[in-house]
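Visitor: I have a structure open and a few quick questions. Can we go through it together?
Guide: Yes, go ahead.

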Amino acid sequence: MAENQKQNYLTHPKGIMSWLLTLDHKRIGLMYLFGGIIFFFLGGVLALGMRLELAAPGNDFMSNETYNNVYTLHGAIMIFLFIIPAIPGALGNMLLPLMLGAKDVAFPRLNLASFYIYTLGALFVVYTIIAGGVDTGWTFYTPYSTTSTSNVIPMTMGIFIIGFSSILTGLNFIATIHKMRIPGLTWYKLPLFVWALYGTSLVQITATPVIAITMVLLILERLLGIGIFDPALGGDPVLYQHFFWFYSHPAVYIMILPAFGIISEIIPVHSRKKIWGYKFIAFSTLSIAFIGFLVWGHHMFTSGQSVFSQIVFSFITYFVGIPTGVKIFSWILTMYKGQVSFTPPMLYALSFLFLFTIGGLTGIFLGAVALDIHLHDTYFVVAHFHYVMQGGTIIAFLGGLHHWWPKTMGAMYNQTVASICCLGVFLGFNGTFFPQFLLGLRGMPRRYATYDPQYAELHNYSSFWSGILGLSIFIAIMNLLWSLRKSNKLDPGTNPWGAMTLEWTHTSSPPHPHNFEEEPVLEHGPYDYDKVIVEPTFKK
Amino acid sequence: MSHDNSSPDFLQHHFHDVDQQYETAKLGMWAFILTEVLTFGGLFVAYVVYRSWYPEMFVGANLLLDVNKGLLNTIVLITSSLTMVLAVWAIQQKKQKLSLFMLIATFLFAFMFLGIKYLEYSHKFEVGQLPGEYYSYMGPEIAHLNNPHIFFSIYFIMTGLHGLHVAIGMGLIAWLIYATAKGNLHSKYYTPMEMIGIFWHLVDLIWIYLFPLFYLI
Amino acid sequence: MDRLTEYLFPKQVSTFAADIDNLFYFIFYSSIALFAIVVFGMVYLAIKYRFKKGDEVRLTSSKDHSNILESLFFIVPLILVSITFVWGIRSYLKMIIVPDDAIEIKVTGQSWFWTFDYPDGGTTLNELVVPSNQPIKIVLSSKDVLHSFFIPVMRTKMDCLPNRYNVMWFDAQQEGVYDIFCTEYCGTGHSQMGAKVIVMKPAQYEAWVADLGSDDEDIPLDELGAKLYTKKACNTCHTLDGSDLVGPSYLQTSQMWGEERVFDDGTSTIIDDNYIRSSILEPQTKIVAGYQGVMPTYQGLLNDRELDALIAFLKSLKEDSQI
């Protein structure tokens, strides 16, 4: 092995300051991953605490106040500190320039700034927890949020700050995708993960400012009583809901589009097959991002908005469903006449297809106004969005981590353990959330610390399986970390899945500090398994 | 623009050439402008909603604003936009000194804008035309109006956020003055000045919407 | 109702419940069909084209589109969602157009109980009494934060807002006692903010309305107090067994009778009849240390005899616990 090939971004340069002040997108990506995993763990512990309380009808484990704090923090941490920053911040940062053949993102200093803004926002959230929590729900509906005595201001301040991090990351990615591609890498030769990040970034820069200003108005409402959202002062709580969902519905696509991108990478690579319907997947990403802006009112079907709005929002909602459906079929057909390997990333991708399809289809139930009125704010909704957010995004995130782990960390985890964990996650997830559909149909409202004994059996079942889910995810991540031990280094030329995007074919594992020793020359498209053979290589 | 492809010292390592660096910065700036527009967009929506709910209150309350000061500020800000354009033009033409002069003029106009704004605000503070709960003005001309505090809430939030942008712009222009004086910006590399110029025009443009909405109609 | 509906749903009591459940089944069966295609296709393709041990890595097919399949993926779901959309809207219109002959009952949400005002005067708390086979128009509002009024057996719910009225209606087809839940998060007592809807035969309802407000004259005070304890929703926040909910337990207060009670501003007072009376009527003036001052005033909701009854009931708890 030549001396310079041993140099990689993990070991060069050395020293703690070289990490804290790094402008290298790969290191920033890793720091995001580190932060994201910490908050994932915290949010997960809170979730298990909730399931423990809900295992039986009464206040056996927590008081109402504690439960309200716990569920609020669970939602806010998972959404604002883990899911939204995790995939674009960690995997996106890590891979985007590599996939484009670039040396870095367009604005490296801005990228580091985004990370520290995220950290600052996270500190506000941590402060909120230490100061005694917040009990408004992650939606901060007024007037409860303007009258609650809990720490609403630090929490919303944290979300406001994290919003900037999200905007700057999106802006950076857009400029990077437009301007930093190597010659010959045209739009239709981009890996689909890049398209997904592009769609995500567009939503980030256009929707996030609205939540930022909404949070400012909410803070000012508490401080100055400005009378915009507080009905006692002439304001309107429904206006708050419009503002909030104008961001928070597109935010769903900030969360799910990168997951689509990961799945679009994993399936063709592990099926060794050209992806089905490339252009369709690419453009459906953009159309979903666009239509996502026009459907926020479907969160408000019981708020008393006008009949006309109800009809329009219901109508447009279905137009998000159709491109999403065709995507799922495209991923499945990709396997046709391929060579499918049941590796851990592929198992996660197949789980994603199963779970996300349920998540998507149950969305159709909620889009039908008459049925939504029964199901609104019940456990049916809880189950639906967990199937999308966890069954979709988090499963894809875990799949992506397993897929790119050997590339970014230069180490291979125990694949048998990883596969068993994937099965555990799959079963545990279904066991936890499928009963919640039934609870919702039977009328169990969400955000209840205690409940009627008629719902006890299903809740109990859900709580039991949540333990399996939590344990499986924990072991899966431990398995990844365990692979980092010193004796487990891979050969820098490793390409264990036989992938053919630039990050696999043109740089070492882990990559060179400047990504590529010399600028890569594009030889083939990202999924040309019908034209080129890339042998999987796996050496220690 | 055409540049030779040697590596000048202002070219960052991860770009191929000066053109790519310039184009990238420009795209990033426009994306940022889009974000800004949406930020203010949210507030404009709030304005429209409350105006449609309390039309008489809005018409009545805007009479309490000082149209003359508002108009003066509009003229000041438009002029500063002009001097900003001239600063960029001058540096393109290798007229460093003229560019520096224009930047200083822009800075002073911005300062003047904030000064006039300060006079307006301090008057409102004195008579109690304050946002939200702190509103206490009960003059006869608005006695019949419903919830005038909402008008002043929106007025202070929107002009306050705009004022914050002016202040940030002043900081950026001050840095430009420093960089131009030191010779770091010149006819071959003036990207920061052009970008800050775009930002400054946005600040100007937002005021051009705010002025009629609050002072005139 | 078939067995599946019995398993999945609460009873179908309102006139439109069956229609909504049928809409559910339409989407449900369509979804199962689509889901079966997805899972079958996925498993079939993954297994058929799996990479077996000993296989050689080779070039694979370049097939990446099929116009027929792709148009099917568009058209079939499009047809299904179009039906769903139209059905959803048609059923929705039935749910919002209130029949002319409806009885109007005013529902007010307040942290954390429901007040029902009947057309001929008379008020109940946490107990909505309606006649069967008669459209009921519900006019909703809130006294504080957002609440949402949900009756699962009627398949309908609507938010209660503090600054405007919302309307919903139902026509109950079956007598019985059914759950009402609050489904918009409203703070500490949200999960206890339940009520019951009691559907009676019309004749029974007439009698009940005539009797409303005039009963309770003859029974002893402490028994009346025990009734009021649940009827006036005291039980949402105060237990009888000494455990804490939102407010202090009645038992604790009863056992401390004649002793000193400390408030959050540091002052204190002796627990006696007057203290209890004022803490029901003006709960915000003195807040027991360690609790949040969230109790609404009962001014106008209890008459003097009822206040006496509650105080008598509270005092009696101490003796009961000593036995």
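**Helix 15 and the chain around it**

Visitor: What span should helix 15 of chain A have, and what are its end C-alpha atoms apart?
Guide: This is a predicted model. Helix 15 of chain A covers residues 415-441, so at 1.5 Å a residue its 27 residues should span 39 Å. The end C-alpha atoms are 39 Å apart, which agrees.

Visitor: Is that helix largely enclosed or not, and why?
Guide: Helix 15 of chain A is largely enclosed by the rest of the structure, because 19 of its 27 residues are buried. Buried here means under 20% relative accessible area.

Visitor: What is at the start of it?
Guide: A side-chain oxygen of N414(A) comes to within 3.0 Å of the backbone nitrogen of T416(A).

Visitor: And what follows it?
Guide: Helix 15 of chain A is followed by G443(A), which has a positive phi, near 100°.

Visitor: Switching to the whole chain. How many helices and strands?
Guide: Chain A has 17 helices and zero strands.

Visitor: What about the radius of gyration?
Guide: For 540 residues a compact globule would come out near 24 Å; chain A has 23 Å, which agrees. The C-alpha trace of chain A spans about 70 × 45 × 45 Å along its principal axes.

Visitor: How much of chain A is buried?
Guide: 72% of the 540 residues count as buried. Chain A exposes about 15,900 Å², with 71% of that supplied by carbon and sulfur atoms.

Visitor: And contacts, what share is 24 or more positions apart?
Guide: Among contacts in chain A with a separation of 6 or more, 81% come from residues 24 or more positions apart.

Conventions. Residues numbered from 1 in each chain as written. Chains lettered and ligands numbered in written order. Predicted model: local features only at pLDDT ≥ 70, side-chain atom pairs only at ≥ 80, totals over all residues. Heavy atoms only, no water. Helix = DSSP H or I, 4+ residues; strand = E, 2+ residues; numbered from the N terminus. Expected span 1.5 Å × (residues − 1). Buried < 20%, exposed > 50% of the residue type's maximum accessible area, 1.4 Å probe, protein only. Polar contact = N/O pair within 3.5 Å; in protein donor to acceptor, adjacent residues only side chain to side chain. Rg over C-alpha atoms; globule rule 2.2 N^0.38 Å. Contact = heavy atoms within 4.5 Å. Areas by Shrake-Rupley, 256 points an atom, 1.4 Å probe, with all protein chains shown as cover.
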